[in-house]
Amino acid sequence: MNFNIATIPGDGIGPDIVEQTILVLDKIGEKYGHRFNFTEVLAGGVAIDKTGEPLPQETIDICKKSDAVLLGAVGGPKWDNLPGDKRPEKALLGLRGELGLFANLRPALLHKPLKDACPLKAEIIGDSLDILVVRELTGGIYFGERGRRTGKYGEEAYDTETYSVKEVERIARVGFEAAMKRNKKVTSVDKANILESSRLWRAVVEEVAKDYPQVELNHMYVDNAAMQLIRNPKQFDVIVTSNMFGDILSDEASMLTGSIGMLPSASLAEGSFGLYEPIHGSAPDIAGQNKANPIATILSAAMMLRYSFGLEEEAQAIENAVTKVLEQGYRTGDIMSEGMKLVGTKEIGQLIINEL
Ligand code: IPM
Ligand code: MG
């Protein structure tokens, strides 16, 4: 089959890791008889430098015409002092909004060969950890009304958390569907003891749950969820939550795996379109030095094959190749430990390709 992929290398290590991922996809194409056509577009700091805008219209248009988007990373200290709507991060929010990417899947999977990187005690973690955070991505406080005004104490600023029944329903469905393919447990995280939007959230999730009688549902307040993730992470299978709570909890969950350089993500629209990117940032300090870990991006490409292209076998081939290379003891600097073999971005990319 033929697939059109828009690539957004972005800033910092973005180009390094996207380059290796394209090579991996090319190899998959060769082996399984697919054609991946890549069109590179600009977003983030590099787009600001070249066009004055973090997210040029041309980028949005090309992404919309593609079957999926592969993104490296955006941002860096160079652009940190620009106003809010001109910052590289604005490109991410713009892409999410423009492309309707309402469902963000962030798996926190502890790879067995990297077990020692988990900061929790061995008895808490056992020999594996596999949590999927399903974060709502185009609503809530990130997209609600905001502004400045004069209040009781003078100038003040506000951001609002708004959720519609429709928005909660569709993200809840993504969570339950995912749980059906996993361990059939959904934890919906909210702050329903305080927030009206959370009370609506909880009620809608309860409704959706009726369509999934095989899935066990529980509700948890976000503060408790933050604590439970450390206390007993194994109680979780799928966590479904709002945009901001998901932002925070997915970083926490990622740390349980000890290596943010390993974690992929998928941001899905209705239908099969999606944007795939590593969870980590642009690490400008090591950009262009053949030091970055491309595995999170390569695993994001596996998610692309699975969720946007329906190529489960090919997706698993990539995931297995990554596991094998880790089992052989190869490590990039971020996941290096004693007795392992330190390699660069290009070398680990090639080792993964060799295993395909
Ligand atoms: C993330 C990031 C973004 C977010 C930032 C960079 C806008 O933290 O994808 O989790 O808050 O969504
Ligand atoms: Mg975040």
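**View 1. Helix 7 and the lining of the largest cavity.** In this predicted model, helix 7 gives the largest share of the lining of the largest cavity, with 3 residues. Helix 7 spans residues 196–209, and strand 8, covering 185–190, joins it in supplying at least two residues each to that lining.

**View 2. Inside the largest cavity.** How many cavities of 30 Å³ or more does a search of the whole structure find? The search turns up 1, and the largest cavity has a volume of about 40 Å³. If you would like to trace its wall, look for E161, Y163, V189, D190, S197, S198, W201, S242 and F245, which line the largest cavity. Sorted by character, the lining residues are 4 nonpolar, 3 polar and 2 charged.

**View 3. Strand 5 and its surroundings.** Here we turn to another part of the model. Strand 5 runs over residues 130–136, and 6 of its 7 residues are buried, so the rest of the structure largely encloses this strand. Buried here means under 20% relative accessible area.

**View 4. Strand 5 beside strand 4.** Strand 4, made of residues 103–109, pairs with strand 5 in the antiparallel sense, over 7 bridges. To find your place in this pairing, start at L109, which stands opposite D130 of strand 5.

**View 5. Strand 5 beside strand 10.** In which sense, parallel or antiparallel, do strand 5 and strand 10 pair? They pair in the parallel sense, over 4 bridges, with strand 10 taking in residues 238–241. A handy landmark is R135, whose bridge partner in strand 10 is T241.

Methods. Residues numbered from 1 in each chain as written. Chains lettered and ligands numbered in written order. Predicted model: local features only at pLDDT ≥ 70, side-chain atom pairs only at ≥ 80, totals over all residues. Heavy atoms only, no water. Buried < 20%, exposed > 50% of the residue type's maximum accessible area, 1.4 Å probe, protein only. Pairing = 2+ DSSP bridges. 1 Å grid on protein atoms, 1.4 Å probe; cavity = no way out; pocket = protein on both sides within 12 Å on 5 of 7 lines; lining within 4 Å. Points joined across faces, edges and corners; volume = space filled by probe spheres on them. Nonpolar A, V, L, I, M, F, W, Y, C, P; charged D, E, K, R; others polar.
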